[in-house]
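Got your viewer open? Let's walk through this structure one selection at a time.

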Amino acid sequence: MMKVIQAWLIYDEKSAANNTSYIDWFIDEAQKKGIMMELVIRNELMSGIKNNQSILIRDGREVPSPEVAVVRTIDPLLSSHLEELGTLVFNSSRVAKICNHKALTYKEVQKLSLPMVDTFFYQRHTLPEQPPLDFPFVMKSVHGRGGNEVFLIEDEKTWSRIKDTFPSDEMVVQTANVQPGKDVRVFVVGNEIIAAVRRESRKDFRANFSLGGSAKLYPLSEKETEMVQRICRHFKFDMVGVDFLIDLDGNLLFNEIEDIVGSRTLSKLTDINLLDLYTSHILNKWQQSQKTKNS
């Protein structure tokens, strides 16, 4: 008889409302593997310390932590708290902490000596009055997702406006000597490369599919595959998107890692069932954790 695994699928309220079909699909695929997955809204939860013990409160009452939690909102502290309580968390709190902070991501990937654009780190109070790089350059919030809070600075007027109205207190500034409006996303499940897509926008310097860009499957070369595998070995992902910019000679440059990656682009281009693969990975990882615990 299959062991039933109790799992939470954690979303913030707004994202849950915007992703009902995806959530239903996720829960259905999990159930096929004996994973009883329940949608939990982040605002329902309170984590903390009581009587010097880590506790979890849901809707006003203390509850045990689930066996498995898939955290689909940016909250590394919650992920870490759940891990301390014995929950197997997807992605891990380490991945959530690093990959949802662009500066930390670049610092971590730098250890792998992979090609990337020149990148500089600033806080609002350390931004200089004069442009820090030659035009054009890019400013990004360290916490931005989906192409949001990313700005192309092409002249003094834009620099002055963006500098004074930037929506975050922490940012990265990068050179922009890449092919504008083009990038490559590699979908990874359990450190296995599932597929790669090349995204392109003719209207925007950002290539995000959600911003109106187009996409097609992209065959990774042997060299590009090795780049992705080095990143995977370093981080030990569950499911992510690894994104690359394309330089003027057509070479890939590391850009960022999407911790809460969706599958709309891949579903549009292929018949790959990403959530079938992901829930199978969740089941296998949970089974391995039980063997380790009982050995």
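How many of the 12 residues of S12 are buried? Select strand S12, residues 178-189, and check: 10 of the 12 are buried, so the strand is largely enclosed by the rest of the structure. Keep in mind as you click around that this is a predicted model.

**Zoom out**

Show the whole chain for a moment. Its secondary structure comes to nine helices and 16 strands. Along the principal axes, the C-alpha atoms fill a box of roughly 65 × 45 × 35 Å. A compact globule with 295 residues would have a radius of gyration near 19 Å, and the chain has 20 Å, so the two agree. Now colour by burial: 49% of the 295 residues count as buried. If you switch on the surface, you're seeing about 15,000 Å² of accessible area, with 48% of it belonging to carbon and sulfur atoms.

**The sheet around S12**

Go back to S12 and bring in the strands of its sheet. This is an open sheet of five strands, in the order S14-S13-S12-S15-S16, with antiparallel pairing. Strand S14 (214-217) and strand S16 (252-258) stand at the edges with a single partner strand each, so one side of each has no neighbour in the sheet. Turn the view and follow the twist, which averages 30° from one strand to the next.

Next, pick out S12 and S13 together. They form a hairpin with two residues between them, and Gly-190 in the turn has a positive phi of about 55°. Eight bridges join these two antiparallel strands. For a pair to click on, try Val-188, which stands opposite Ile-193 in S13.

On the other flank, what joins S12 to S15? Eight bridges do, and again the strands run antiparallel. Here, select Val-184 and its bridge partner in S15, Phe-244.

Now move out to the edge at S14. Four bridges link it to S13 (residues 192-200), with the two strands antiparallel. Val-197 stands opposite Leu-217 in S14.

**A helix across the sheet**

Select helix H9, residues 274-294. Which strands does H9 lie across? The answer is S12, S13 and S15 (239-247), and the helix runs at about 45° to S12.

Keep H9 on screen, and add the largest nonpolar core. Of its 30 residues, Phe-26 and Tyr-278 touch the most other members. Elements that each supply at least two residues include strand S1 (5-11), helix H2 (20-32), S12, S13 and H9. H9 gives the most, with six residues. Nonpolar side chains tend to be buried together in soluble globular proteins.

Click on Phe-26 and show its contacts. Setting aside neighbours within four places in sequence, Phe-26 is in contact with Leu-9, Met-37, Val-70, Leu-275, Tyr-278, Thr-279 and Ile-282. Apart from this core lies another one of 28 residues, with Ile-98, Ala-196, Cys-232 and Val-242 among them.

**Last stop: H5**

Finish with helix H5, residues 102-110. Its buried residues are worth picking one by one: Lys-102, Ala-103, Thr-105, Tyr-106, Glu-108 and Val-109. What covers them? The cover includes helix H4 (93-99), strands S8 (119-123), S9 (137-141) and S11 (170-175), helix H7 (222-235) and S16.

Before you close the viewer, show contacts across the whole chain. Among those between residues at least 6 apart in sequence, 66% join residues at least 24 apart.

Technical notes
Residues are numbered from 1 along each chain as its sequence is written. This is a predicted model: local features need pLDDT of at least 70, side-chain atom pairs count only at pLDDT 80 or more; totals for chains, interfaces and linings use all residues. Side-chain values use heavy atoms; hydrogens and water are left out. Two strands pair if DSSP finds at least two bridges between them. Axes are lines fitted to C-alpha atoms, for helices over the stretch in contact, and angles run from 0 to 180 degrees between N-to-C directions. Contact means heavy atoms within 4.5 Å. Buried means under 20% relative accessible area, exposed over 50%, partly exposed in between (1.4 Å probe, protein chains only). The radius of gyration is taken over C-alpha atoms; the globule rule is 2.2 Å times the number of residues to the power 0.38. Accessible areas come from the Shrake-Rupley method with a 1.4 Å probe; for residues, only the protein chains shown count as cover. A nonpolar core is a set of buried Ala, Val, Leu, Ile, Met, Phe, Trp, Tyr and Cys residues joined through side-chain atoms within 4.5 Å.
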